[in-house]
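Open the model in your viewer and follow the stops below. Each one says what to select and what to look for.

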Number of protein chains: 2
Amino acid sequence: MNFLNEVSIDYPSAISFASGRPAEAFFQLESWLGRIDDFLEHRAKKDGVSPATARALLAQYGRTGGMIVDLVADQIRRDERIRCRPEQVMITAGCQEALALCIGTLFRTPRDVLLVRSPTYIGATGIADASGVEIAALSDLAELEDTIAALERAGKRPRALYLIPEFDNPTGTVIPEGERERILRVCASKRIVILEDNPYGMFRFEGEPSRPLFSLDTHGAVIYLGTYSKTLCPALRVGFLVLPPALFGDARAARELHARLSERKSFVTVNTSQIMQALVGGVLLAEGGTLSRVIEPARLLYGKNRDVMLGSLASCLSESRWNVPSGGFFLTVDLPFAFGRREVERCAAEEEVLVMPLSFFALGEGGERSVRLAFSNVATADIPRGIERFARFVQKRLAA
Amino acid sequence: MNFLNEVSIDYPSAISFASGRPAEAFFQLESWLGRIDDFLEHRAKKDGVSPATARALLAQYGRTGGMIVDLVADQIRRDERIRCRPEQVMITAGCQEALALCIGTLFRTPRDVLLVRSPTYIGATGIADASGVEIAALSDLAELEDTIAALERAGKRPRALYLIPEFDNPTGTVIPEGERERILRVCASKRIVILEDNPYGMFRFEGEPSRPLFSLDTHGAVIYLGTYSKTLCPALRVGFLVLPPALFGDARAARELHARLSERKSFVTVNTSQIMQALVGGVLLAEGGTLSRVIEPARLLYGKNRDVMLGSLASCLSESRWNVPSGGFFLTVDLPFAFGRREVERCAAEEEVLVMPLSFFALGEGGERSVRLAFSNVATADIPRGIERFARFVQKRLAA
């Protein structure tokens, strides 16, 4: 991503469809900081101590697994159809730490392999790489069984499958429910843990919300990963993981996994900032346990931005194809030619618009003729102009 | 540490010398949260943006290595005699993350070994263990050269030495300057990186502050680790590391190490909470770049607690020996018998006092006849009673 940061520094006035960040306009940091006191009042009552004592203890070291597990369990039941007991939840320093802890804990031998779709979120492949974990890429989930079989023949052991089933980063796609059932059956039969990452699920623009793999799972195969970076704001660095009640049917194995993840967390970040946990907890208390009202303006904006982007694409870029995501932050455009580093730079220099090659998210080959367009962090008014510029670049390339 | 947590839950009214936490009485969370606005004002001016824009960007994702590196570099120059450029600093999610990043980045092959003193801080050995890094324990730093030679003969490569030179946890001891010079020479000659952890250095009760290894180092052998958990409060989860300007004389190698640490951090926690960084930055701005005024009440309390503890020990426990630390949070008592798990439980059950066996911090054997007494997080008035109870337990054991 350093390359893209550099390009955006070189062309500061370029319109960027590259940033998949949430829109800053809806961050309410000042008001959210005020919610810390709401949480302290709640906590003081619950623990039978004075608010001053509750505040002093808040600023101290705390439980490794976090102190808002009950509030998080309650919120994801309301907002994300996840039913779990607070003991299944662990609060982490952003969802990335949850992922890092799972990779560090689940992968024990050089035979263990992480399965991912390619292209996929680079934070998942990045931490696997940094941990020396072998990665096997699926260009299509239909290859799941064949890939597992091939790995087993080679003496390898597929240990986990990383997925963003709802409004995937970078593709924006949703895995249909029937396909989710199939993936669950295949993984459960091979005792492959599914790491289900769901940062975008609440940002659905139309249609019925899907059921998360975690809630479809009857095998105990799914670890659910979540974050408050998109629903509230990234600077909190508060995320979480949810373990199944019984890992592949074994409740004791699930508790042992919780203990191992917790031990690892104690050696990576000790515990997640209790001040930031209190902010999240205070907002959840004030909002009656759901973030649907808080995220509504952002959800409406992202939906509008998607519509404007789709309209602009239809009017300017008829030679290409794109998908129509029903939510999330991204869509992808398939082009009639390869679009890589060089094209990023030229497109920025010639037309002042930034897009993200899908190949940047791929393991090995793949995605060479596609780009990801993010509509979450760009001004609505800039979208038609940005797409026009991008279309001009595409047409010039086709004419050349 | 779970064992000790359980014992303290079983005996809630016990006086505890086990907790090495800072005293809560001096946390000023409410006032410190107000400093976020001071930081935003400073930042808005510096970047030429409105305070509202600065606030929105604060809540967003940020630079991997942190945004208060200049303020931290300025503070540790004033407070800890560390001279460095802001580019040498990386902000981390507590000092533990700094340690985890160093272990994950420096240790690349199964031949690489971490050197530690035994007993030592369990966060250091814990992350090494969790990362599959072999550890070699020194019961005395005089063994340093022999241990290195023995490891080399066995085909191993000592890669780093972890030390708390100032008011060590758990022993409370200080490494003298001459010894620091010797350690630097030995490590530099073998290209062994020294991880210098200094959480307690500012809490000196008497005598002249020592020069950190980092500031004595002319070889580029030292990575300095720091935290705001003791000077401000643990719930911030803000720490940092400082790289040498030229790693073993090689400026490019130091920059490459910074890049590798930064990449790893991006896959572990993305970046450290900018809200918590802004709080630290705001306090540093308000305090003119030094925390000496902020920590003064805590420093005075810890010094008084140490004096009361030493007085009580002298009047109750003449059969034993203890050290007299000139700062920090801990002292150790050597007993005429072994003090382990069983003694912790009995001492809690019979006398309602909790102490920490030194063997809990040891790798393999060592420390069986010693305990660590923390004086940082116990009420001054409880210390004479607590030491009396402990002395009674010791005397009963000796009589039996």
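**Stop 1: polar contacts between the chains.** Keep in mind that this is a predicted model. Show chain A and chain B together. Between them, 21 residue pairs are in polar contact, counting pairs with both residues at pLDDT 80 or more.

**Stop 2: the elements of chain A at the interface.** Now select the helices of chain A that touch chain B. Six ranges are worth colouring: α2 (29–47), α3 (51–58), α5 (94–106), α6 (122–130), α10 (251–268) and α11 (274–286) of chain A each give two or more residues to that side. Then isolate α6(A). The largest share of the side, 5 residues, comes from α6(A).

Next, colour this side of chain A by residue class. The residues divide into 24 nonpolar, 13 polar and 8 charged.

**Stop 3: a salt bridge.** How many salt bridges does the rule find across the interface of chain A and chain B? The count is 2. For a salt bridge to centre on, pick Glu30(B) and Arg55(A). Their side chains meet at 3.5 Å, N to O.

**Stop 4: the whole interface.** Select the residues in contact on both sides. You should have 45 residues of chain A against 44 residues of chain B. Turn on the surface. The two chains bury about 3,800 Å² between them, and 65% of that is on carbon and sulfur atoms. Which residues of chain A lose the most area to chain B? Select Gln60(A), Tyr61(A) and Phe267(A): together they account for 19% of what that side buries.

**Stop 5: the symmetry.** Zoom out to both chains. Chain A superposes on chain B by a rotation of 180 degrees, with 0.0 Å of shift along the axis and an RMSD of 0.0 Å. That is the relation of a two-fold axis. Now compare the two sides of the interface. Of the interface residues of chain A, 98% are also interface residues in chain B, so the copies meet through the same surface.

**Stop 6: a sheet in chain B.** Leave the interface selection and display chain B as a cartoon. Find the open sheet of 4 strands, in the order β9-β10-β13-β12, with antiparallel pairing. Its edge strands are β9 (321–322) and β12 (356–357) of chain B, each pairing on one side only.

Move to β10 (residues 330–334) and β13 (residues 370–374) of chain B. These strands pair in the antiparallel sense over 5 bridges. Finish on Val333(B). Which residue of β13(B) stands opposite Val333(B)? Select Val371(B) to see the partner.

Key. Residues are numbered from 1 along each chain as its sequence is written. Chains are lettered from A and ligands numbered from 1 in the order in which they are written. This is a predicted model: local features need pLDDT of at least 70, side-chain atom pairs count only at pLDDT 80 or more; totals for chains, interfaces and linings use all residues. Side-chain values use heavy atoms; hydrogens and water are left out. Copies are superposed by least squares on the C-alpha atoms of residues with pLDDT of at least 70 in both. Contact means heavy atoms within 4.5 Å. Buried area is the accessible area (1.4 Å probe) that two parts lose on being put together, summed over both. A salt bridge is a side-chain nitrogen of Lys or Arg within 4 Å of a carboxyl oxygen of Asp or Glu. A polar contact is a pair of N or O atoms within 3.5 Å; within protein, one must be able to donate a hydrogen and the other to accept it, and residues adjacent in sequence count only if both atoms are side-chain atoms. Ala, Val, Leu, Ile, Met, Phe, Trp, Tyr, Cys and Pro count as nonpolar, Asp, Glu, Lys and Arg as charged, and the others, Gly among them, as polar. Two strands pair if DSSP finds at least two bridges between them.
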